[in-house]
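The following account leads the reader through a single protein chain, beginning with one residue and its surroundings and moving outward to the sheet, the core and the chain as a whole.

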Amino acid sequence: MITSRLVLAFGVALGLSACVTPVSTPPSSTPQPSENPVSNTGKGVTVSQFTSVVARMEPVAEAECRARAPQANCDYKILVDRRADAPANAYQSVTESGQPTITFTVALIADVHNVDELAFVMGHEAAHHIRGHLGRTQDTAVAGAVIGGLLGAALGADAQSLQTLQNLGATVGSRTYSKAYELEADQLGTIIAARAGYNPVRGAQYFARIPDPGDQFLGSHPPNAQRIETVKRTMANM
């Protein structure tokens, strides 16, 4: 009975993960770059700038991946989610064949102020794959769901209560190392962006504009100031 509900609990836990803003569900069809992904607000980057950042960042990210995680699939795929209702976000996922994918929503491309911010976000997402964060988060989410289910069974919980405990356990499990993973990705993402010729300190100023999650208990992201400090410290040590 516990095993039969792990899929639901596991899905709930993964739905709480994101890197820039609360993540939206990845589109079912393969997204493609839109003709003009930026708004007319004076922010954002142009299509040619986006293409240029991808061209410079992808080979550097793949080289770092091969050097640091030789067992991993390092052939990154970069996509743009064109859905108008998708919030500003970027996220790393893996295809069924195991290929690492980095997806940017149109809203995020329109929200960044310069190519350094875009490159830093791209480096951050690439770093999540190199560090194996997605798989490690899945493992802790499943472990949390199992523990929640065992606790519910020991307490004689009914089906609905057992499902709730499994979902709660998956959430706690998925967030156990979430803040540490984000800072690890910021650190390695800084190195990737810098080696591609971008300014990660300028890029990390993106955090100065988005809502600060603070240092919440079981929060998914660390405080923005801590993330900016991580980038500055990494650059100082390079």
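In this predicted model, a convenient point of entry is Thr 190, which is in contact with Phe 120, Pro 200, Val 231, Thr 234 and Met 235 once neighbours within four places in sequence are set aside. Thr 190 belongs to helix 7, which covers residues 178-195. The relative accessibility of Thr 190 is 0%, so this residue counts as buried, the threshold for that class being under 20%.

The helix that carries Thr 190 is itself mostly covered, with 13 of its 18 residues buried. From its first C-alpha to its last, helix 7 reaches 26 Å, close to the 26 Å expected at 1.5 Å a residue. Just after helix 7 comes Gly 197, which takes a positive phi of about 95°.

From this helix one may turn to the sheet. Strands of a sheet pair through backbone hydrogen bonds, in either a parallel or an antiparallel sense. Here 3 strands form an open sheet in the order 1-3-2, with mixed pairing. Strand 1 and strand 2 are the edge strands, each pairing on one side only. From one strand to the next, the twist averages 25°.

The two pairings of strand 3 can be followed in turn. Strand 1, residues 77-81, runs parallel to strand 3 and is joined to it by 5 bridges. Along this pairing, Lys 77 stands opposite Thr 101, Ile 78 stands opposite Ile 102, and Asp 81 stands opposite Thr 105. Strand 2, residues 90-94, pairs with strand 3 in the antiparallel sense, again over 5 bridges. In this second pairing, Gln 92 has Ile 102 as its bridge partner. Ile 102 of strand 3 thus stands opposite Ile 78 and is also the bridge partner of Gln 92. Strand 2 and strand 3 form a hairpin with 5 residues between them, and Gly 98 in the turn has a positive phi of about 95°.

How many residues of strand 3 are buried? In strand 3, residues 100-105, 6 of the 6 residues are buried, so the strand is largely enclosed by the rest of the structure. Both of its faces are covered: Pro 100, Ile 102 and Phe 104 are buried on one side, and Thr 101, Thr 103 and Thr 105 are buried on the other. Strand 1 is likewise largely enclosed by the rest of the structure, because 4 of its 5 residues are buried. Helix 4, residues 115-130, lies across strand 2 and strand 3 and runs at about 145° to strand 3.

The loop between strand 1 and strand 2 contains Pro 87. At 37% relative accessibility, Pro 87 counts as partly exposed. The C-alpha atoms of Pro 87 and Ala 107 are separated by 5.9 Å, although these residues are 20 residues apart along the chain.

The interior is considered next. In soluble globular proteins, nonpolar side chains tend to be buried together. In this model the largest nonpolar core has 42 residues, and those with the most contacts inside it are Phe 50, Met 57, Tyr 76, Phe 104, Leu 108, Leu 118 and Ile 192. The elements giving two or more residues to this core include helix 2 (47-68), strand 1, strand 3, helix 3 (106-111) and helix 9 (224-237), together with helix 4 and helix 7. Helix 4 gives the most, with 8 residues. Phe 50 illustrates the contacts: leaving out residues up to four places away in sequence, Phe 50 touches Val 45, Ile 78, Val 80, Phe 104, Ile 109 and Leu 118.

It remains to place these parts within the whole. The secondary structure of the chain comes to 9 helices and 3 strands. Read from the N terminus, the elements run α-α-β-β-β-α-α-α-α-α-α-α. Of the 238 residues in the chain, 48% are buried. Among contacts between residues at least 6 apart in sequence, 76% join residues at least 24 apart. The accessible surface of the chain comes to about 11300 Å², and 56% of that surface belongs to carbon and sulfur atoms.

Notes:
Residues are numbered from 1 along each chain as its sequence is written. This is a predicted model: local features need pLDDT of at least 70, side-chain atom pairs count only at pLDDT 80 or more; totals for chains, interfaces and linings use all residues. Side-chain values use heavy atoms; hydrogens and water are left out. Buried means under 20% relative accessible area, exposed over 50%, partly exposed in between (1.4 Å probe, protein chains only). Two strands pair if DSSP finds at least two bridges between them. Contact means heavy atoms within 4.5 Å. The expected span of a helix is 1.5 Å times one less than its number of residues. Accessible areas come from the Shrake-Rupley method with a 1.4 Å probe; for residues, only the protein chains shown count as cover. Axes are lines fitted to C-alpha atoms, for helices over the stretch in contact, and angles run from 0 to 180 degrees between N-to-C directions. A nonpolar core is a set of buried Ala, Val, Leu, Ile, Met, Phe, Trp, Tyr and Cys residues joined through side-chain atoms within 4.5 Å.
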